[in-house]
Amino acid sequence: MGPIRILIVDDDDDSRALMSRALRAVGYQITEAADGVEATALDLRGFDVVLTDLQMPRMGGREVLERVRAQSPHTPVIAFTAYANAESALDLMAGGAYDYLPRPVDLGRLKHLVQRALEWRRLATENEALRREGASSASREPTLVGTSPAMLEVYKVVAQVAPTIATVLITGESGTGKELVARTLHARSGRSGPFVMINCGSLREDALMTELFGREGAGERVGAIEEANGGTIFLDDIQDASPKVQAALLHVLEEHVVRRGGEAKPVDVRFVASATSDLHGEAADGEFREDLLFRLQVVTVVVPPLAARREDLPLLIEHFVNHYAALLGRPAPALAPDARQALVDHDWPGNVRELAQTLERAVVLARGGVVTKDDLPNALRRGPAARGATSGIENDWPTLATVERRYIDRVLQHTGGNTTRAAVMLGIDRRTLSRLFARERAAAALTSPHDAAARESN
């Protein structure tokens with residue numbers, strides 16, 4: 001691997017020289033340009049990071065940003081300006097800038113930001129390489145897929161927080177890929193210990209306590225927190241943890257010890273948790289401990305629903321088609337135009353998980369090396385208007401369980417994912433609602449034994 005190349009574009013000779021000297025001292029290879037015209041005369045694909053001033057004669061930084069985005073989408077651009085404000089910052093980020101710095105540039109902050117940008121670039125580049133490799137990628141560790149602004153923001157936060165020991169809370173709708181974000185955080189953490197996942201909604205309170213903290217005496221066993229020593233423990237669906245479990249977790253987060261059999265056992269564990277509901281709302285309602293929420297949300301990663309990143313659909317479709325074809329040991333099928341259009345037009349209320357399961361089915365059913373519209377579920381074959389008329393029910397004659405789940409999903413959408421409010425509207429206890437989700441997850445695990453990609457989309 002060659003040296004890291006950084007392009008500095010600035011019409012202020014003294015400022016440019018100062019930044020060049022500081023970054024060369026770190027070991028980076030620096031190229032300088034006095035304005036946008038000089039910069040865009042270079043092959044911008046050859047740089048790992050581009051630093052540019054906004055206000056320059058002949059060609060300003062916004063045009064430099066546009067040229068970099070066109071030639072090398074995964075090269076992060078950091079802008080600096082003497083006229084920084086909230087409006088200009090939002091404008092820059094919307095235009096694809098990685099970040100910005102106000103003038104005069106703080107050299108310490110600049111070096112830190114460059115390091116973060118390089119980590120982000122590595123994530124984005126590996127994501128693109130995996131997509132291009134197609135079927136051969138199926139045997140690799142799953143990776144985040146997407147280049148939409150919403151996903152680039154996820155990559156940015158992941159790149160920044162992964163090397164630290166900060167506790168992370170991942171929020172988002174069901175099926176958006178929260179587990180995959182957690183696995184990516186662990187993979188990029190540099191921690192040598194294992195990644196251990198516990199679903200807080202799939203076990204009764206006593207069983208969950210044993211899974212997490214272990215058991216002494218007859219049938220002695222080590223809990224998941226001790227198993228994850230030196231690594232990461234992922235607490236999926238943390239909103240379903242009972243008050244007793246919440247209290248025990250808070251103690252571990254505060255004391256960094258696990259008590260088993262009267263003995264305090266020190267643990268070095270990085271905690272990552274996920275939630276589909278509004279934990280702030282649940283804390284306000286007394287359903288979730290506020291002190292535990294503060295401990296968990298040192299950093300929050302918000303995973304966008306598929307509806308907020310529809311431009312990623314082509315990449316995701318290609319990724320899952322290649323993935324499932326490789327699992328079946330066959331060439332990846334082509335998509336007929338009407339099938340591709342139906343996939344793009346669908347609303348995807350089940351997010352990436354629903355897309356993954358739909359494409360698994362399509363690849364299995366495909367004949368002659370082509371996925372046709374007939375290989376897709378009825379809801380996609382009928383088109384958007386027909387789906388709206390039938391409230392999105394997937395089959396012509398759905399089961400009662402399907403109708404029940406669709407209704408629950410609509411109520412959850414109305415409440416913004418707040419399970420407490422949803423349970424009130426449904427006329428059931430919140431724990432009953434959690435048990436329904438747990439039962440559904442267990443059934444899904446039994447019916448899709450080889451599906452790693454759908455699991456990654458949790």
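This text moves from the chain as a whole to helix H13 and then to a surface patch at which Leu328 takes part.

The model is a predicted one, and its chain contains 21 helices together with 14 strands. Of the 458 residues in the chain, 51% are buried, while the accessible surface comes to about 21,100 Å², with carbon and sulfur atoms accounting for 52% of that area. When contacts between residues at least 6 apart in sequence are considered, 70% of them join residues that are at least 24 apart.

Within this chain, helix H13 covers residues 313-328, and leucine 328 belongs to it. The helix has 16 residues, which at 1.5 Å a residue should span 22 Å, and because its end C-alpha atoms are 22 Å apart, the expected and modelled values agree. The buried residues of H13 are Leu313, Leu315, Leu316, Ile317, His319, Phe320, Val321, Asn322, His323, Tyr324 and Ala325, a list in which nonpolar names such as Leu316 and Val321 stand alongside His319, Asn322 and His323. After H13 comes glycine 329, whose phi is positive, near 70°.

Leucine 328 itself is partly exposed, since its relative accessible area is 39%, a value that lies between the limits of 20% for buried and 50% for exposed. That same 39% is also over the 30% relative accessible area required of residues in a patch, and Leu328 does join Val364 and Leu365 in making a nonpolar surface patch of about 230 Å².

Notes:
Residues are numbered from 1 along each chain as its sequence is written. This is a predicted model: local features need pLDDT of at least 70, side-chain atom pairs count only at pLDDT 80 or more; totals for chains, interfaces and linings use all residues. Side-chain values use heavy atoms; hydrogens and water are left out. Patches are made of residues with over 30% relative accessible area and no salt bridge: like charges are joined within 9 Å, nonpolar side chains (Val, Leu, Ile, Met, Phe, Trp, Tyr) within 5 Å. Accessible areas come from the Shrake-Rupley method with a 1.4 Å probe; for residues, only the protein chains shown count as cover. A salt bridge is a side-chain nitrogen of Lys or Arg within 4 Å of a carboxyl oxygen of Asp or Glu. Helices (H or I, at least four residues) and strands (E, at least two) are DSSP runs, numbered from the N terminus. Buried means under 20% relative accessible area, exposed over 50%, partly exposed in between (1.4 Å probe, protein chains only). Contact means heavy atoms within 4.5 Å. The expected span of a helix is 1.5 Å times one less than its number of residues.
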